[in-house]
Amino acid sequence: MDDTIAAIATPLGEGGIHIVRISGKDAWPLARKLFRAAPPAATDSIPPLKAAFGHIIDPETQRVLDEVLLIRFEAPRSYTCEDVVEIHGHGGAFVAARILQSVLDAGARLAQPGEFTRRAFLNGRLDLTQAEAVADLIHAASDKALTSAVSQLQGKLSETLNGLYDRLLAVLAQLEAAIDFPEEGLEFERKQAMAEQVRAVQKEIDALIATFRAGRIYREGWNVALVGKPNAGKSSLLNALLKEDRAIVTPHPGTTRDVLEERVRIKDLHLNIVDTAGIRHQPEEIEEEGIRRTRRALQRADLALVVLDASLPLDGNDAILLDEVKDKPRLLLLNKSDRPQQLDTGALAQTFPGETPLKISATTGAGLDALIDCLHTRMLEGVPSGEGAVITRERHRAALANARDALANVVQSLDSDLSEDLVAVDLNTALEHLGGLLGKTFVEDLLDQIFDDFCIGK
């Protein structure tokens, strides 16, 4: 935390601009070694939060490396709550790396992944859920994911969790007072009132846990596997959904030998859609590995899109496929509906009674709008509406579940009129889980796990 750190804060490659970010107590003295304002006499009088035009100079050769804008941020009014300097230069990969190297040569240390945001957390600018929201915001791939990340970054989840934490803290204060002054004691009626307060918190925790499915869909998307026998049109359907020729399509069965995963935008959500190898009797040796991977993809999927060739009768390969998906959430698709239909839908209805297949044509686009509507509806089944707090990570769900279980013990102990010491143990456990969720209590291993997933420069 005492080091001054630096990194490129924009994606590597060619672009309109790059940003080299420096944070730490020596950020401005270090930048002054490299920056020459225009005119040079103005270098020492650059005010905070104002962009200054000038050049980055190689201190050894005095050669100009780039024409830049420089912005100073004085602690605590910065992203990290430390002194920060940002150098905005032209967006070439080499010039960005050259300026960063000059900053490192001048005395800074290369930042670790997520170290800027980690410092923002440790310096109290963000709590842990807000810090995670920064990563979610960067990786957002849909409107729902963006809205969820912004809400969490603005503190909606933090506000809810802090409210629960404070209410439990108030209950604990009453218990601690009774422990410290045993002659006062807690009457049974007061214990019952405390139990009702804890039950109310339990109920709100359960409501938060129920948002996890929605939060995971918003953040990670929905995993969908395209499955079918060879040449049913799975790859053509993937290309139609992507609106580009991503998968190889030929009239020869078995063209797809491996899984191909792509991200597809579905209105305000996104799918992680996997095109798989066709399942059939007696596959070639190389196809066998593809089919094994198909089955793994099917196990991980939230939904199976079962692509059937409506222009052919059901056969043994279809029977194998339908048996594979019988216990899986699925959507039946009758592809090639632009051709004369030979598939017996009555036999299909006997296998899956009550399910209505969608008729589509991956080549003409017929039925694709209905498919998109259906997918969007299925994704949002059971997802609560409204703009309340949503949890997005397994870490959130696990911590809340542990807190809820500890509170169940608290209620049982209060109802049984057990001693205040026993009740306080479980209540402290619940507070520890909520505190760990917010970052009020944490271990270094947890921070390493969270921030290692960030990009360098954030």
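How many cavities of 30 Å³ or more does the count come to? The count comes to one such cavity. The structure is a predicted model, and this report describes its overall form, its cavity and several local features of its backbone.

**Overall form**

The protein has 16 helices and 13 strands. Its radius of gyration is 29 Å, whereas the globule rule gives 23 Å for 458 residues, so the protein is more spread out than a compact globule. The C-alpha trace spans about 80 × 80 × 40 Å along the principal axes.

Of the 458 residues, 48% count as buried. The accessible surface of the protein comes to about 21,900 Å², and carbon and sulfur atoms account for 51% of that surface. The contacts add a view of how the chain folds back on itself: among contacts between residues at least 6 apart in sequence, 69% join residues at least 24 apart.

**The cavity and its lining**

Rolling a probe the size of a water molecule over the atoms shows where empty space is left. In this model, the largest cavity holds about 50 Å³ of space. Its lining consists of Asp136, Ala145, Ser148, Ala149, Gln152, Tyr218, Arg219 and Thr392. Two elements, helix H5 (143-153) and helix H8 (212-220), each give two or more residues to this lining. Helix H5 gives the most, with four residues.

Which classes of residue make up the lining of the largest cavity? Three of the lining residues are nonpolar, three are polar and two are charged.

**A buried glycine in helix H8**

Helix H8 also contains Gly215. Is Gly215 buried or exposed? With a relative accessibility of 0%, Gly215 counts as buried, because buried means under 20% relative accessible area.

Gly215 also brings together parts of the chain that are distant in sequence. Gly215 and Ile391 are 176 residues apart in sequence, yet their C-alpha atoms are 5.4 Å apart in space. When residues up to four places away in sequence are not counted, Gly215 touches Val390, Ile391 and Thr392. Thr392 is also one of the residues that line the largest cavity.

**A mostly covered helix**

Helix H3 covers residues 115-122, and seven of its eight residues are buried. These buried residues are Glu115, Phe116, Thr117, Arg118, Arg119, Ala120 and Phe121. Just after H3, Gly124 takes a positive phi of about 90°.

**Backbone features in loops**

Several loops contain backbone features that can be listed together.

| Residue(s) | Feature and value | Location |
|---|---|---|
| Ala38 and Pro39 | cis peptide bond, omega about 0° | Pro39 in the loop between strand S3 (35-37) and strand S4 (51-57) |
| Ala75 and Pro76 | cis peptide bond, omega about 0° | Pro76 in the loop between strand S5 (64-73) and strand S6 (84-91) |
| Lys267 | positive phi of about 55° | loop between strand S9 (260-266) and strand S10 (269-275) |
| Asp417 | positive phi near 60° | loop between helix H14 (394-415) and helix H15 (420-438) |

Lys267 has its positive phi although it is not a glycine, and Asp417 is likewise a residue other than glycine. How do these two residues stand with respect to the surface? Lys267 has a relative accessible area of 44% and is therefore partly exposed, a term for values between the 20% limit for buried and the 50% limit for exposed. Asp417, at 40% relative accessibility, also counts as partly exposed.

**A further loop residue**

Ala366 lies in the loop between strand S13 (358-359) and helix H13 (368-379). At a relative accessibility of 38%, Ala366 counts as partly exposed. Which residues does Ala366 touch, if those up to four places away in sequence are not counted? They are Lys359, Ile360 and Ser361. The C-alpha atoms of Ala366 and Asp338 are separated by 8.0 Å, and these two residues are 28 residues apart along the chain.

Methods:
Residues are numbered from 1 along each chain as its sequence is written. This is a predicted model: local features need pLDDT of at least 70, side-chain atom pairs count only at pLDDT 80 or more; totals for chains, interfaces and linings use all residues. Side-chain values use heavy atoms; hydrogens and water are left out. On a 1 Å grid over the protein atoms alone, a cavity is a set of points where a 1.4 Å probe fits but cannot get out, and a pocket is an open set with protein on both sides within 12 Å along at least five of seven lines; lining residues have an atom within 4 Å of a point. Grid points are joined across faces, edges and corners, and a volume is the space filled by probe spheres set on the points. Ala, Val, Leu, Ile, Met, Phe, Trp, Tyr, Cys and Pro count as nonpolar, Asp, Glu, Lys and Arg as charged, and the others, Gly among them, as polar. Buried means under 20% relative accessible area, exposed over 50%, partly exposed in between (1.4 Å probe, protein chains only). Contact means heavy atoms within 4.5 Å. The radius of gyration is taken over C-alpha atoms; the globule rule is 2.2 Å times the number of residues to the power 0.38. Accessible areas come from the Shrake-Rupley method with a 1.4 Å probe; for residues, only the protein chains shown count as cover.
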